[in-house]
Every structure is written in C-alpha cells, then in structure tokens.
Amino acid sequence: LDAEILRLEQILQTNISPRLRGVRFRAIPLQSGGNVLLIRVPKAWTGLHLVKLNDSYRFYSRNSKGKYIMDADEIRSGFVAVETGYERMRKFREDRLEKISIGDTPLSMPSGPKVVLHLVPFSILDPTIEYDLDLLTGLESPLPIGCDSFTHQYNFDGKVFYRPPRNGLTDTYVQVFRNGIVEACADNLFDASKKLLSSYALEKYLINALNNYLSRLKLLGVAEPFALGVSVIGAKGWTLQIYLPKWGGPEPVPFGSQNLIVPEIRIDSYEQASHTVLRPAFDRMWNAAGRECSAHYAENGDWIADARR
C-alpha cells in the first residue's frame, strides 16, 4: 500500500503541471482483506493542468460520458478564465487601495502615508464560499501590524481587529473578509517628525504579520494558493530609513511616487517561508530609495533580525 501511494504521488509530481497541491490519500481496510485507497483531490484554482506522459502533452476535461481530450477552443477558454480571475483579484486590490487613500477604511485613521498588505486566496473565484470568522477569537485572532494589544468588532464585510482608537482614530487594523481575503493597514511604522519609514520595522512587522495571517487562514480551512500584495501609499517625499554607518553607500533618496504598489506575489503553499515570499517586495522598496536591494538579508537568504546588522 505504501509503495502504491508513493507511485501515485510521484506521478502527480512529475506528470501534472502546474503541480496539484493538497492531494490526500487514505487507506480504508476491507473486512475481506486488502484496502480501498481513497484519494481526495481539492478544487484547483489555478486553471488548467497539463498532463505530460510519454512525450505527449494534453489537457483533459470530463463530461457525463467520462474524460476527454480538450480541443483548442476549450483550452483557450480555460486560459481566458484564469486571466479573468487574476484581473478580479487585481481589481479588488486596486479598489481597496483607492478607498484607503481617500480615508474610506473600516475604522477612521490619521491622514498620511500607510503600509497596506493584502492576502487574497484564489478561492474568491467561487462567490459562494464563505468562512466561519467566529473561529478567529482569543489567541487565534489575527494581529494588526505592529500591535499586540487590540480589540475587534464585526462589520458588513466580516471582522476587523484594531488597536483601540485615540481621539477617535486607530493607527493599525486588519480586516478579514468573509471570503478569506485579509487586508492589513498601518501608519505606525512612520516617523512623521522626520518623514521616515523604518526599513527594519517595515520588514520585521510584515514578516510577522504574514506568518500570523497565513496561520489564521489555515485554521479557517482556506485553500492555497494566494496572491500577496504589499503597498506603501501616500509616501511621496518620504524616505526609507537606512542605517548608513553600518551599511555604507549613498544616502537614500526620497520616494518619488505617491504610491509604491508592488506587483502581486504568488504563494503556493502554507509551508513557504514568509521572509522569502516578501523579499521581492522589500527589494522594490529599497529600489525606490535608490538602493540595490534590502540589506536585512544574509547571503543564504535568511532575514537578519537586527536593526543595525
């Protein structure tokens, strides 16, 4: 039985592209001896999967008569549907960033620049899916960026967790939508007196936040993959704070764009390390400051938890 499961796993790994994730095997023993092998294949949200076998490459579908090889029109329609799904996710992110930029947030926030993280599961392509947000409570609550003392409330979109407001304003919140989307927004990483965004705080708190949010989505049963978006909005003229005495190099230049919107990063598995996933986004922020890449990473790719290295 173990050898048969291994054989099937190897077929899935080497003959299906993109790889099917989350396939589970369960052996059900029979009274007469032997086993029935139950294979559970989760719905794939990444579109078509290519079957490679003996130098042949084919796409299959299924109807009432069984499986069949898809023709060119069906394959074209399948890829169009995938691209439409990506556009839906991008449009959602664009709409949310526009609302945040004009102050249309779940709770009132101070004016000024903000860091925004979006985590969007591909499963939003099914509009019927909703998750039980009551599971996000107590120690299982998602943490707002840069905050460990918070409260929460339900709202029309789902459930929002936030630092208790001062003078009617909160500086950080995380909104969990009923369909599994996570939106975290914070302005507590900026030094308004010097117009600086701390590179160390940006990377440390986003790595911690992504770890936290992925663990909460796993608790809810949200399936991979995800699209991750990192943005800094309203930041034109602000500067990334870099510890020059240690790193050397030229002074960082002020951000020349009002909004720094990093293209979506795909997360295929819960097992991916958050610091590795986020590195392209951090490098882009350092690029915006005139530097080659983030200096918070070691040569082996580990993130160094030291503000001054």
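**Group meeting: helices and strands of a predicted model**

I start with helix α1, where Asp2, Ala3 and Thr14 are exposed, on the side away from the buried residues. Keep in mind throughout that this is a predicted model.

Which residues of α1 are buried? They are Ile5, Leu8 and Asn15. These three cover an arc of only 130 degrees around the axis, and therefore sit on the same side of α1. As a reminder, an α-helix has 3.6 residues a turn, so residues three or four places apart point the same way. What do the buried residues of α1 pack against? The partners are four strands: β1 (16–17), β2 (24–29), β3 (35–40) and β4 (50–53). I also checked the length of the helix. Helix α1 covers residues 2–15, which is 14 residues, and at 1.5 Å a residue the expected span is 20 Å. Its end C-alpha atoms are 20 Å apart, so the two values agree.

Now the chain as a whole. There are 5 helices and 18 strands. The C-alpha trace spans about 75 × 45 × 40 Å along its principal axes. Of the 309 residues, 41% are buried. If you take contacts between residues at least 6 apart in sequence, 63% of them join residues at least 24 apart. The accessible surface is about 16900 Å², and carbon and sulfur atoms account for 50% of that.

Next, strand β15, residues 226–233. How many of its residues are buried? The count is 8 of the 8, so the strand is largely enclosed by the rest of the structure. In a regular strand the side chains alternate between the two faces of the sheet. For β15, one side carries Phe226, Leu228, Val230 and Val232, and the other carries Ala227, Gly229, Ser231 and Ile233; both faces are covered.

The pairing partners of β15 come next. Strand β8, residues 114–121, is joined to β15 by 8 bridges, and the two run antiparallel. Within that pairing, Val116 has Ser231 of β15 as its bridge partner. Strand β17, residues 259–261, is also antiparallel to β15, with 3 bridges. Here Ser231 appears again, standing opposite Ile261. Strand β18, residues 265–267, has 3 bridges to β15 and is antiparallel to it as well. Ala227 of β15 has Arg266 in β18 as its bridge partner.

There is also an open sheet of 3 strands, ordered β13-β14-β16, with mixed pairing. Its edge strands are β13 (190–191) and β16 (239–241), each of which pairs on one side only. Helix α3, residues 199–220, packs on this sheet and touches β14 and β16. The direction of α3 makes about 45 degrees with that of β14. Between β13 and β14, the latter being residues 196–198, there are 2 bridges, and the strands run antiparallel. One pair to look for is Phe190 opposite Leu197 of β14.

The last item is a single residue, Asp283, in helix α5, residues 274–288. Is Asp283 buried or exposed? Its relative accessibility is 18%, and the cut-off for buried is under 20%, so Asp283 counts as buried. Setting aside neighbours within four places in sequence, Asp283 is in contact with Cys293 and Ser294.

Key: Residues numbered from 1 in each chain as written. Predicted model: local features only at pLDDT ≥ 70, side-chain atom pairs only at ≥ 80, totals over all residues. Heavy atoms only, no water. Pairing = 2+ DSSP bridges. Contact = heavy atoms within 4.5 Å. Axes fitted to C-alpha atoms, helices over the stretch in contact; angles between N-to-C directions. Expected span 1.5 Å × (residues − 1). Buried < 20%, exposed > 50% of the residue type's maximum accessible area, 1.4 Å probe, protein only. Arc of directions from axis to C-beta. Areas by Shrake-Rupley, 256 points an atom, 1.4 Å probe, with all protein chains shown as cover.
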